[in-house]
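Hi everyone, thanks for coming. I'd like to walk you through a structure today, so let me put it on the screen.

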Amino acid sequence: MGEGKRMQEGRTGGLTTRGIVISGVLAAVAIFLGATRLGFIPVPTAAGNATIMHVPAIIGGILEGPVVGGIIGGIFGLYSFFYATIPLFKDPIVAIVPRIFIGIFAAWAYQATRRAGEWWAITIAAVVGTATNTVLVLTLAVVRHYLPASVAWVVGLTHGIPEIIVAVIISLAVLLSWKRVQSGQARARV
Amino acid sequence: MNEFELLRNVTIGQYLPTGSYLHRLDPRAKIIAATLVIGAASFTPSLLGNACLLAACVGLVWAGRIPLGYALRGLIPAAPFIVILAILQLLFFGRNYDPASPVIFQWGWIVVTSAVARLVVISAARFVELFIVTSVLTLSTQTTELAHGIESLLRPFRRLRVPSHEMALVVTIAVRFIPLLALEAERLLKAQASRGGRVVGGRWKFLARTRQLLPVLVPLFTFALKRGEELIVAMEARAYTGGEGRTSYTLLRGSPADWLAPIAALAFLVFMLFAPFPF
């Protein structure tokens, strides 16, 4: 037991082996969704696509807590900064900083609402995580003078809402099947 | 069958070995220099400064012995977005941005002031500059080098409980997992296609489209998490305990010549931020 305790003390920043691996794996999913364009769902708004690239950060936050969620978001942000084709995201302040908070806020929302039941907690965490992304990115875009505030409001409402719906559906589907939560619907499990 | 070949489209960590000075630079020096130049590009407020930056970027491409056309190729798909952003800025900023600036164009409710016109040019130039700097960095540095460099640079911050080694390992795991995910996704898409499953539905039916993506996305996440669990067991079985007292297979040794690049970049940044450019 003493040995085990010493091993724990050797760690810095509260990252366990589990935290490292889950962060890496889910960050890979985020990058993969972006690189293959699988993570873009065409929606009828000016921006054209709702992205689900931030969903791994939400899922990581829910599964392993705010540190893991933050790391996944940070890697997603770095990727979107390095490989951006939209001028807005070629700015490190707009691309990287907001993304770190997606998983952190989602994790806090999940922990705060967990008592209401798994289903509700995941839904609220997905809404909070997605809204964090949309609101922070657009706020920083306005602060950095890429977009006028009026345009940011329109983008936020028309783009943010479909994105929240899509993120909730995918987070629920993935986490309910991973955690094997009984969702009350009789469905074949493949 | 092209739609199933996901692996080919994943272009993270594209590396162009030309053996130039930039390629041979110590990754730590290169990361610091790139960060400083990115800072210069992000915060230079003047037109002339941005012109200098663009020239410096061309110089970087030349120093990396990267064909200019190759480095700029990625700008073509970005061109429509640059134009859209410029139009949005021209149409909607109006007098809200710097009301004191003189109006240079007015037609109905559309007002363009010279400050907005300047802003449009600087936004576009900044995008091109950052695009070139990040391209040169990724084309001249392997992803593992980047991870080692970041780990080494963050090491002094371990005292502040920044998990430098762990962060580098996260990046390495992510990079190693992407090809596995691509193979698995190919398998899933083919399995769906062979059962007659197709991703259809236009823009207005995005909910239907999301539902159709679920049979691919849910197993993909589950696959990733399952492989993750296996990796955790494998690492713990080998008594992995994190970065404390761990030595590295790759040792980074910088020569004085390596540190010329960040010094030059720092001088450039200071010059860009404080030089009295007339416009």
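**A walk through chains A and B**

Let's begin in a loop: A:H145 is partly exposed, with 16 other C-beta atoms within 10 Å. For that term, a residue is buried if 20 or more other C-beta atoms lie within 10 Å of its own, exposed if 12 or fewer, and partly exposed in between, with C-beta atoms placed from the backbone. Before going on, please keep in mind that this is a predicted model, where local features need pLDDT of at least 70 and side-chain atom pairs count only at pLDDT 80 or more, while totals for chains, interfaces and linings use all residues. Residues are numbered from 1 along each chain as its sequence is written, and chains are lettered from A and ligands numbered from 1 in the order in which they are written.

Back to A:H145, which sits in the loop between α7 (118-143) and α8 of chain A. Helices (H or I, at least four residues) and strands (E, at least two) are DSSP runs, numbered from the N terminus. A:H145 is not a glycine, yet has a positive phi of about 65 degrees. Most residues other than glycine have a negative phi. Chain B offers another case in B:A239, also not a glycine, whose phi is positive and near 60 degrees. B:A239 lies in the loop between α10 (206-237) and α11 (260-274) of chain B, and counts as exposed, with 7 C-beta neighbours inside 10 Å.

Now, how many residues does each chain give to the contact? Chain A gives 55 and chain B gives 63; two residues are in contact if their C-beta atoms, placed from the backbone, lie within 7 Å. On the side of chain A that touches chain B, α2(A) gives the most, with 15 residues. By class, that side of chain A has 40 nonpolar, 11 polar and 4 charged residues. Here Ala, Val, Leu, Ile, Met, Phe, Trp, Tyr, Cys and Pro count as nonpolar, Asp, Glu, Lys and Arg as charged, and the others, Gly among them, as polar.

Next, the largest nonpolar core, meaning a set of buried Ala, Val, Leu, Ile, Met, Phe, Trp, Tyr and Cys residues joined through C-beta atoms within 7 Å. This core has 98 residues, and A:A28, A:V29, A:A30 and B:A174 touch the most other members. Helix α9 (residues 164-194) of chain B supplies the largest share, 15 residues. A second, separate core has 30 residues, including B:L22 and B:M272. What does A:V29 touch, leaving aside neighbours within four places in sequence? Its contacts are A:P56, B:L181, B:L220, B:F221 and B:A224.

On to a helix pair. In chain B, helix α3 (residues 27-43) packs with helix α7 (residues 114-140) at an angle of about 175 degrees, their axes 9 Å apart. Those axes are lines fitted to C-alpha atoms, for helices over the stretch in contact, and angles run from 0 to 180 degrees between N-to-C directions. So α3(B) is roughly antiparallel to α7(B), a label for angles over 145 degrees. Among the residues that meet are B:A34 and B:V37 in α3(B), and B:L130 and B:V133 in α7(B). The residues of this contact divide into 7 nonpolar, 1 polar and 3 charged.

Last stop, B:R95, in the loop between α6 (75-92) and β1 (103-107) of chain B. B:R95 is partly exposed, with 14 other C-beta atoms within 10 Å. Thanks for listening!

How values were computed. Parallel < 35°, antiparallel > 145°, perpendicular 65-115°, else oblique.
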